[in-house]
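The following note sets out several points for consideration alongside the coordinates. They are arranged by region.

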Amino acid sequence: MAASTNGPQSPALDVKNLGVSYFTSSGEVKAADGVTFSIMSGKRMGLVGESGSGKTTTALALMRLIKPPGRITSGTAVIDNTDLLSLNDEEMRNAKLSKIALVPQGAMNSLNPVAKVKNQIIDGLRDHDADYSANQYRELINELLTKVGLSPQVGDMYPHELSGGMKQRVTIAIAISMGPNVIIADEPTSALDVVVQRQIMETLAELQEELGAAILLIGHDIGLMAQFVDTLGVMYAGRLVETGTLRQLLREPKHPYTQMLIDSLPSLERQDRKRGDLRGIPGTAPSLYALPSGCPFHPRCPQAMDICPSEEPVLKVVNDDNQSEQLAACLLY
Ligand SMILES: Nc1ncnc2c1ncn2[C@@H]1O[C@H](COP(=O)(O)OP(=O)(O)OP(=O)(O)O)[C@@H](O)[C@H]1O
Ligand SMILES: [Mg+2]
């Protein structure tokens with residue numbers, strides 16, 4: 001029997017030791033450093049961290065969209081036995097939308113203001129030399145728009161005629177147009193009001209289930225994320241400092257930074273009234289230009305030990321219940 005590469009037990013996306021640096025006049029900034037995680041098929045992973053912690057950098061690297069002065073310096077990112085980071089440009093062009101798709105940060109402002117919605121969807125498909133007749137395009141666009149909860153008439157509209165939520169739905173339609181294995185959504189709802197946020201997340205969840213795709217959801221709002229993801233990754237200063245199931249991280253966060261994040265959340269039952277947001281953590285995120293030595297979190301860490309300024313922690317298994325590993329990069333463990 002042939003081994004299934006898309007079975008529920010195999011990762012849809014397997015990222016190992018991803019490094020991205022920006023080489024600026026002030027020096028090298030390691031915006032992603034040794035980032036390692038995987039997402040199982042059909043699962044949803046959340047990626048949280050303060051502004052500047054490297055979330056978008058990670059997303060852009062997986063899409064091979066890092067521009068100079070940035071460069072991918074290390075790592076692999078495997079989907080379907082293919083390492084995206086070693087594809088040539090032509091191969092990567094084919095992998096985009098079909099294997100991996102991104103709803104970029106600020107996506108709704110990234111739509112072309114002078115092109116009708118339908119033409120923006122077609123542009124993505126054309127990149128794949130899709131040889132469709134005008135009728136087939138029309139049908140596909142109607143189907144995609146309907147799937148994201150828009151009426152087919154939206155295809156003939158321009159972005160300025162749409163609300164923020166509608167524009168965000170268009171960007172989702174583009175992202176799912178070729179049925180990708182992995183969808184990355186970088187703060188897909190941050191500019192929208194709470195009700196629309198929830199509706200968009202629900203649409204995204206439905207589509208992801210329908211496609212059997214994995215999702216990497218990037219955001220600040222753990223409260224919103226908690227209702228949506230299966231696993232969580234926490235980034236700090238370009239590193240992934242803790243990963244595990246949502247339950248593990250909410251109930252038993254191991255890294256002191258994650259503990260502070262979770263402590264700052266109102267109880268989950270009350271999250272409708274008050275929302276948990278990473279921006280409320282005391283202290284300031286370090287500048288990547290002058291990272292503290294050892295563990296970059298040590299100056300803010302309430303549990304810092306003598307060794308923390310001199311030794312750099314790596315991700316280690318800290319909890320292994322039901323075969324789902326919880327990992328933390330902290331010298332306490
Ligand atoms: N074009 C660039 N040139 C130089 N440095 C950059 C560039 N883009 C990002 N960086 C550096 O990489 C770091 C990580 O940026 P990134 O956009 O990945 O953070 P983020 O976690 O997505 O933040 P946010 O929550 O604000 O979206 C920044 O702090 C910055 O130092
Ligand atoms: Mg970002």
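**Notes on the predicted model**

1. Thr76 is placed in strand E4. The structure discussed here is a predicted model. With 14 other C-beta atoms within 10 Å, Thr76 is partly exposed, since a residue is called buried at 20 or more and exposed at 12 or fewer. Once neighbours within four places in sequence are set aside, the contacts of Thr76 are Lys16, Asp83 and Leu85. The C-alpha atom of Thr76 is separated by 7.7 Å from that of Ser86, and these two residues are 10 apart along the chain.

2. The loop between E4 (70–79) and strand E5 (82–83) deserves inspection for its backbone angles. Asp80 lies in this loop, and its phi is near 55°, a positive value in a residue other than glycine. Asn81 also lies in the loop between E4 and E5; its phi is near 65°, again positive in a non-glycine residue. How exposed are these residues? Asp80 counts as partly exposed because it has 16 C-beta neighbours inside 10 Å, while Asn81 counts as exposed because it has 8.

3. On the N-terminal side of E4, the loop between H1 and strand E4 holds Pro69. The peptide bond that joins Pro68 and Pro69 is cis, with omega about 10°. Helix H1 itself spans residues 55–62 and is mostly covered, with eight of its eight residues buried. The buried residues of H1 include Lys55 and the threonines Thr56, Thr57 and Thr58, as well as Ala59, Leu60, Ala61 and Leu62. Arg64 follows H1 and has a positive phi, near 60°.

4. The packing of helix H3 (residues 117–126) against H5 is described by axes that come within 9 Å and cross at roughly 25°. H3 and H5 are therefore roughly parallel to each other, an angle under 35 degrees being the criterion. The crossing in which H3 passes H5 is right-handed. On the H3 side the contact is made by Val117, Gln120, Ile121 and Gly124, and on the H5 side by Val170, Ala173 and Ile174. Sorted by class, this contact of H3 with H5 has five nonpolar, two polar and no charged residues.

5. What is the relation of helix H5 (residues 164–176) to helix H6 (residues 194–211)? Their axes come within 11 Å and cross at roughly 15°, which makes H5 roughly parallel to H6. The H5–H6 crossing is right-handed. From H5, the residues Gly165, Gln168, Arg169, Ile172 and Ile176 meet Val196, Gln199, Ile200, Thr203, Leu204, Leu207 and Leu211 of H6. By class, the contact of H5 with H6 has seven nonpolar, four polar and one charged residues. As to the spacing of such residues, an α-helix has 3.6 residues a turn, so positions three or four places apart point the same way.

6. Val148 is situated in the loop between helix H4 (134–147) and H5. Is this loop residue buried or exposed? Val148 is buried, because 22 other C-beta atoms lie within 10 Å and the threshold is 20 or more. Residues up to four places away in sequence aside, Val148 touches Arg169, Ile172, Ala173 and Thr203. Arg169 and Ile172 also belong to the H5 side of the contact with H6, and Thr203 to the H6 side. The C-alpha atoms of Val148 and Ile200 are separated by 8.6 Å, with their positions 52 residues apart along the chain.

7. Tyr158 is another residue of the loop between H4 and H5. Tyr158 counts as partly exposed because it has 15 C-beta neighbours inside 10 Å. Leaving aside neighbours within four places in sequence, Tyr158 is in contact with Pro113 and Lys116. The C-alpha atoms of Tyr158 and Asp320, 162 residues apart along the chain, are separated by 51 Å.

8. The last point concerns the nonpolar core. The largest nonpolar core has 87 residues, and the members that touch the most others are Ala173, Val182, Ile184, Leu216 and Leu217. Ala173 also takes part in the contact of H3 with H5 and is touched by Val148. Residues up to four places away in sequence not being counted, Val182 touches Ala12, Leu13, Ile79, Lys99 and Ile100, together with Ala213, Ala214 and Leu216.

Terms used: Residues are numbered from 1 along each chain as its sequence is written. Chains are lettered from A and ligands numbered from 1 in the order in which they are written. This is a predicted model: local features need pLDDT of at least 70, side-chain atom pairs count only at pLDDT 80 or more; totals for chains, interfaces and linings use all residues. Helices (H or I, at least four residues) and strands (E, at least two) are DSSP runs, numbered from the N terminus. Axes are lines fitted to C-alpha atoms, for helices over the stretch in contact, and angles run from 0 to 180 degrees between N-to-C directions. Angles under 35 degrees count as roughly parallel, over 145 as roughly antiparallel, 65 to 115 as roughly perpendicular and the rest as oblique. A crossing is left-handed if the near helix is turned anticlockwise from the far one by less than a right angle, and right-handed if clockwise. Two residues are in contact if their C-beta atoms, placed from the backbone, lie within 7 Å. Ala, Val, Leu, Ile, Met, Phe, Trp, Tyr, Cys and Pro count as nonpolar, Asp, Glu, Lys and Arg as charged, and the others, Gly among them, as polar. A nonpolar core is a set of buried Ala, Val, Leu, Ile, Met, Phe, Trp, Tyr and Cys residues joined through C-beta atoms within 7 Å.
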